[in-house]
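Student: I have a model open and would like to go through it in order. Can we start with a term that will be needed later?

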Amino acid sequence: MTRRRTFFKRLKAPIPILCYAVCAAVWLAAGAAGLCSDGIAKATGRLYQFELAAEDFEQVGLQRLESGALLTLDGDPQMIWENGEGAVLRTVRMEAAFDRSPREMCLYYTTKEGEPFSVNKRVFAAQADDGSYLYTLPQGRIAALRLDPCSPEENKPVEMTIAGLYVNEPAPWWSYFAPGWAGVFSMVLYPGLAAAAISLVRAAWMWYKNKRGARGAQG
(Lines give C-alpha, C1' and ligand atoms only; values in the text may rest on other atoms or scores of the structure.)
Protein backbone atom coordinates (compact mmCIF):
# COMPACT_ATOMS: atom_id res chain seq x y z
CA MET A 1 0.00 0.00 0.00
CA THR A 2 2.84 2.38 0.85
CA ARG A 3 4.52 1.74 -2.51
CA ARG A 4 1.25 2.39 -4.34
CA ARG A 5 0.75 5.72 -2.58
CA THR A 6 4.32 6.74 -3.37
CA PHE A 7 3.78 5.87 -7.06
CA PHE A 8 0.62 7.99 -7.34
CA LYS A 9 2.32 10.88 -5.55
CA ARG A 10 5.01 10.86 -8.23
CA LEU A 11 2.31 11.04 -10.91
CA LYS A 12 0.92 14.24 -9.44
CA ALA A 13 1.69 17.41 -11.38
CA PRO A 14 0.68 21.06 -11.08
CA ILE A 15 -2.85 21.71 -12.29
CA PRO A 16 -1.77 23.92 -15.25
CA ILE A 17 0.52 21.16 -16.57
CA LEU A 18 -2.31 18.64 -16.35
CA CYS A 19 -4.71 20.97 -18.17
CA TYR A 20 -2.26 21.63 -20.99
CA ALA A 21 -1.47 17.91 -21.22
CA VAL A 22 -5.18 17.12 -21.62
CA CYS A 23 -5.46 19.86 -24.26
CA ALA A 24 -2.50 18.44 -26.18
CA ALA A 25 -3.97 14.93 -26.03
CA VAL A 26 -7.33 16.15 -27.34
CA TRP A 27 -5.60 18.13 -30.13
CA LEU A 28 -3.62 15.07 -31.25
CA ALA A 29 -6.70 12.84 -31.09
CA ALA A 30 -8.76 15.33 -33.11
CA GLY A 31 -6.03 15.59 -35.76
CA ALA A 32 -5.74 11.82 -36.04
CA ALA A 33 -9.52 11.46 -36.24
CA GLY A 34 -9.69 14.06 -39.02
CA LEU A 35 -6.92 12.35 -40.97
CA CYS A 36 -8.66 8.97 -40.70
CA SER A 37 -12.06 10.44 -41.54
CA ASP A 38 -10.79 12.11 -44.70
CA GLY A 39 -8.96 8.94 -45.68
CA ILE A 40 -12.21 6.98 -45.47
CA ALA A 41 -14.07 9.73 -47.38
CA LYS A 42 -11.50 9.57 -50.19
CA ALA A 43 -11.68 5.77 -50.33
CA THR A 44 -15.48 5.89 -50.62
CA GLY A 45 -15.47 8.63 -53.26
CA ARG A 46 -17.07 11.33 -51.12
CA LEU A 47 -13.92 13.48 -50.94
CA TYR A 48 -12.58 14.43 -54.34
CA GLN A 49 -11.06 17.39 -56.16
CA PHE A 50 -13.18 19.66 -58.33
CA GLU A 51 -13.32 23.24 -59.56
CA LEU A 52 -15.98 25.92 -59.29
CA ALA A 53 -16.48 29.06 -61.35
CA ALA A 54 -18.04 32.34 -60.30
CA GLU A 55 -21.06 31.43 -62.47
CA ASP A 56 -21.74 28.41 -60.23
CA PHE A 57 -22.60 30.75 -57.36
CA GLU A 58 -25.72 32.80 -56.71
CA GLN A 59 -24.32 36.32 -56.71
CA VAL A 60 -25.64 39.00 -54.37
CA GLY A 61 -24.43 42.59 -54.45
CA LEU A 62 -22.26 41.90 -57.50
CA GLN A 63 -22.43 42.90 -61.15
CA ARG A 64 -20.67 41.05 -63.96
CA LEU A 65 -18.83 43.35 -66.36
CA GLU A 66 -18.21 42.73 -70.06
CA SER A 67 -14.60 41.92 -69.22
CA GLY A 68 -15.78 39.04 -67.03
CA ALA A 69 -14.76 40.81 -63.83
CA LEU A 70 -17.16 41.32 -60.94
CA LEU A 71 -17.97 44.74 -59.53
CA THR A 72 -19.30 45.16 -55.99
CA LEU A 73 -22.57 47.06 -55.67
CA ASP A 74 -22.63 47.42 -51.89
CA GLY A 75 -20.54 46.77 -48.80
CA ASP A 76 -21.53 43.12 -48.40
CA PRO A 77 -21.09 41.20 -51.67
CA GLN A 78 -21.89 37.50 -51.43
CA MET A 79 -21.49 34.36 -53.53
CA ILE A 80 -23.68 31.43 -52.43
CA TRP A 81 -23.25 27.80 -53.47
CA GLU A 82 -25.38 24.81 -52.44
CA ASN A 83 -23.64 21.48 -51.95
CA GLY A 84 -26.37 19.53 -53.70
CA GLU A 85 -24.30 16.38 -54.22
CA GLY A 86 -23.34 16.19 -50.56
CA ALA A 87 -19.61 16.10 -51.30
CA VAL A 88 -17.17 16.28 -48.42
CA LEU A 89 -15.59 19.74 -48.43
CA ARG A 90 -12.27 20.41 -46.74
CA THR A 91 -10.54 23.30 -48.51
CA VAL A 92 -11.34 26.01 -51.03
CA ARG A 93 -8.54 27.90 -52.75
CA MET A 94 -9.41 31.07 -54.64
CA GLU A 95 -7.23 32.72 -57.26
CA ALA A 96 -8.40 36.31 -57.61
CA ALA A 97 -7.15 39.80 -58.38
CA PHE A 98 -8.59 43.03 -56.95
CA ASP A 99 -8.22 46.62 -58.12
CA ARG A 100 -8.10 47.77 -54.48
CA SER A 101 -7.67 46.13 -51.09
CA PRO A 102 -10.33 43.43 -50.54
CA ARG A 103 -10.07 43.94 -46.77
CA GLU A 104 -11.95 41.21 -44.83
CA MET A 105 -12.54 37.99 -46.75
CA CYS A 106 -14.74 35.28 -45.20
CA LEU A 107 -16.14 31.92 -46.21
CA TYR A 108 -19.35 31.10 -44.34
CA TYR A 109 -20.74 27.58 -44.23
CA THR A 110 -23.81 25.74 -42.98
CA THR A 111 -24.09 22.17 -41.74
CA LYS A 112 -27.83 21.70 -42.38
CA GLU A 113 -30.03 22.43 -45.34
CA GLY A 114 -32.00 25.66 -44.90
CA GLU A 115 -29.81 26.78 -42.02
CA PRO A 116 -29.06 30.53 -42.08
CA PHE A 117 -25.46 31.66 -42.36
CA SER A 118 -23.94 32.84 -39.10
CA VAL A 119 -20.73 34.47 -37.87
CA ASN A 120 -20.32 31.40 -35.66
CA LYS A 121 -19.65 29.31 -38.76
CA ARG A 122 -17.07 31.03 -40.91
CA VAL A 123 -13.40 30.74 -41.76
CA PHE A 124 -10.93 33.36 -42.94
CA ALA A 125 -8.54 33.22 -45.86
CA ALA A 126 -4.85 32.56 -45.49
CA GLN A 127 -2.88 34.03 -48.38
CA ALA A 128 -0.42 31.58 -49.90
CA ASP A 129 2.97 32.40 -51.36
CA ASP A 130 1.52 32.38 -54.88
CA GLY A 131 -1.02 35.05 -53.92
CA SER A 132 -4.04 32.75 -53.83
CA TYR A 133 -6.39 32.61 -50.84
CA LEU A 134 -6.90 29.34 -48.97
CA TYR A 135 -9.92 28.57 -46.80
CA THR A 136 -9.82 25.48 -44.58
CA LEU A 137 -13.20 24.12 -43.50
CA PRO A 138 -13.88 22.13 -40.34
CA GLN A 139 -14.60 18.43 -40.26
CA GLY A 140 -18.19 17.40 -40.76
CA ARG A 141 -21.00 17.89 -43.25
CA ILE A 142 -21.09 21.15 -45.23
CA ALA A 143 -24.49 21.92 -46.75
CA ALA A 144 -23.77 25.31 -48.33
CA LEU A 145 -21.07 27.92 -48.74
CA ARG A 146 -21.27 31.70 -48.81
CA LEU A 147 -18.13 33.37 -50.04
CA ASP A 148 -17.73 37.02 -49.08
CA PRO A 149 -14.88 37.74 -51.50
CA CYS A 150 -14.19 41.23 -50.18
CA SER A 151 -15.44 43.92 -47.82
CA PRO A 152 -15.52 47.22 -49.77
CA GLU A 153 -15.20 50.56 -48.09
CA GLU A 154 -18.26 52.79 -48.26
CA ASN A 155 -18.76 54.33 -51.73
CA LYS A 156 -15.63 52.60 -53.00
CA PRO A 157 -16.65 49.64 -55.19
CA VAL A 158 -14.14 46.88 -55.78
CA GLU A 159 -13.54 45.24 -59.15
CA MET A 160 -12.35 41.67 -58.90
CA THR A 161 -11.39 38.94 -61.33
CA ILE A 162 -11.76 35.41 -60.02
CA ALA A 163 -9.50 33.14 -62.03
CA GLY A 164 -10.44 29.91 -60.27
CA LEU A 165 -11.91 28.23 -57.24
CA TYR A 166 -10.32 24.88 -56.42
CA VAL A 167 -11.93 22.55 -53.90
CA ASN A 168 -10.27 19.78 -51.90
CA GLU A 169 -6.73 20.10 -53.19
CA PRO A 170 -4.36 17.52 -51.65
CA ALA A 171 -3.05 18.48 -48.22
CA PRO A 172 -0.03 16.99 -46.39
CA TRP A 173 -0.77 14.75 -43.43
CA TRP A 174 0.82 17.17 -40.96
CA SER A 175 -1.70 19.87 -41.90
CA TYR A 176 -4.30 17.97 -39.87
CA PHE A 177 -2.24 18.75 -36.78
CA ALA A 178 -1.63 22.42 -37.60
CA PRO A 179 -3.99 24.42 -35.36
CA GLY A 180 -3.44 27.80 -37.03
CA TRP A 181 -3.17 31.09 -35.16
CA ALA A 182 -6.73 30.87 -33.80
CA GLY A 183 -6.11 27.32 -32.63
CA VAL A 184 -2.83 28.24 -30.94
CA PHE A 185 -4.56 31.10 -29.16
CA SER A 186 -7.32 28.76 -27.94
CA MET A 187 -4.81 26.12 -26.83
CA VAL A 188 -2.97 28.70 -24.76
CA LEU A 189 -6.01 30.49 -23.36
CA TYR A 190 -8.55 27.82 -22.45
CA PRO A 191 -6.32 25.35 -20.57
CA GLY A 192 -5.00 28.32 -18.57
CA LEU A 193 -8.54 29.43 -17.72
CA ALA A 194 -9.48 25.86 -16.82
CA ALA A 195 -6.43 25.56 -14.55
CA ALA A 196 -7.31 28.84 -12.84
CA ALA A 197 -10.91 27.76 -12.30
CA ILE A 198 -9.88 24.37 -10.91
CA SER A 199 -7.34 26.01 -8.60
CA LEU A 200 -9.98 28.43 -7.29
CA VAL A 201 -12.47 25.63 -6.67
CA ARG A 202 -9.80 23.55 -4.98
CA ALA A 203 -8.73 26.47 -2.78
CA ALA A 204 -12.36 27.15 -1.81
CA TRP A 205 -12.90 23.49 -0.98
CA MET A 206 -9.75 23.35 1.17
CA TRP A 207 -10.78 26.52 2.98
CA TYR A 208 -14.24 25.07 3.65
CA LYS A 209 -12.76 21.73 4.75
CA ASN A 210 -10.28 23.38 7.13
CA LYS A 211 -12.97 25.63 8.55
CA ARG A 212 -15.28 22.71 9.15
CA GLY A 213 -12.42 20.77 10.78
CA ALA A 214 -11.66 23.72 13.06
CA ARG A 215 -15.30 23.88 14.14
CA GLY A 216 -15.29 20.15 14.85
CA ALA A 217 -12.16 20.49 16.99
CA GLN A 218 -13.75 23.32 18.99
CA GLY A 219 -16.88 21.26 19.56
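Tutor: A residue counts as buried at under 20% relative accessible area, as exposed at over 50%, and as partly exposed in between. The model is predicted.

Student: With that cut-off, is R93 buried or exposed?
Tutor: The relative accessibility of R93 is 13%. Buried means under 20%. R93 therefore counts as buried.

Student: Which residue in the loop between β12 and α3 forms a salt bridge with R93, tying together parts that are 76 residues apart in sequence?
Tutor: R93 lies in strand β6, so its partner in that loop links two parts of the chain that are 76 residues apart in sequence. The closest approach in this salt bridge is 2.7 Å, N to O. The partner is partly exposed, with a relative accessible area of 26%. It is E169.

Student: Which residues are linked with R93 in a network of salt bridges?
Tutor: The side chain of R93 meets that of E95 at 2.9 Å, N to O, and E95 is partly exposed at 27% relative accessibility. R93 also meets E169. The residues linked with R93 in the network are E95, D130 and E169.

Student: How far apart are the closest N and O atoms in the salt bridge between E153 and K156?
Tutor: E153 is partly exposed at 41% relative accessibility, and K156 is partly exposed at 37%. A salt bridge requires the nitrogen to be within 4 Å of the carboxyl oxygen. The closest N and O atoms of E153 and K156 are apart by 3.8 Å.

Student: N155 and N168 have a positive phi; which of them is buried?
Tutor: Phi is near 60° in N155 and about 60° in N168. N155, in the loop between β11 and β12, is exposed with a relative accessible area of 71%. The other residue, in the loop between β12 and α3, has 7% relative accessibility and so counts as buried. That residue is N168.

Student: Why is strand β5 described as largely enclosed by the rest of the structure?
Tutor: β5 is joined to β2 by 3 bridges, antiparallel, with Q59 opposite M79. β5 is also joined to β11 by 4 bridges, again antiparallel, and there W81 stands opposite L145. The description of β5 as largely enclosed follows because the number of its 5 residues that are buried is 4.

Student: What distance separates the end C-alpha atoms of helix α2?
Tutor: α2 covers residues 15-43, 29 residues in number. At 1.5 Å a residue it should span 42 Å, and the model agrees with this. The end C-alpha atoms are apart by 42 Å.

Student: Which residues of α2 are buried?
Tutor: An α-helix has 3.6 residues a turn, so residues three or four places apart point the same way. In α2 the buried residues are I15, C19, C23, G31, G34, D38 and A41.

Student: Which element supplies the largest share of the lining of the largest pocket?
Tutor: The largest pocket holds about 1600 Å³ of space. Its lining has 46 residues, and T136, L137, S175, A178 and P179 are the closest to its centre. Elements that each supply at least two lining residues include β6, β10 and α3. The largest share, 8 residues, comes from α2.

Student: How many residues of that lining are nonpolar?
Tutor: The lining of the largest pocket has 6 charged residues and 13 polar ones. Its nonpolar residues number 27.

Definitions and conventions. Residues numbered from 1 in each chain as written. Predicted model: local features only at pLDDT ≥ 70, side-chain atom pairs only at ≥ 80, totals over all residues. Heavy atoms only, no water. Buried < 20%, exposed > 50% of the residue type's maximum accessible area, 1.4 Å probe, protein only. Pairing = 2+ DSSP bridges. Expected span 1.5 Å × (residues − 1). 1 Å grid on protein atoms, 1.4 Å probe; cavity = no way out; pocket = protein on both sides within 12 Å on 5 of 7 lines; lining within 4 Å. Points joined across faces, edges and corners; volume = space filled by probe spheres on them. Nonpolar A, V, L, I, M, F, W, Y, C, P; charged D, E, K, R; others polar.
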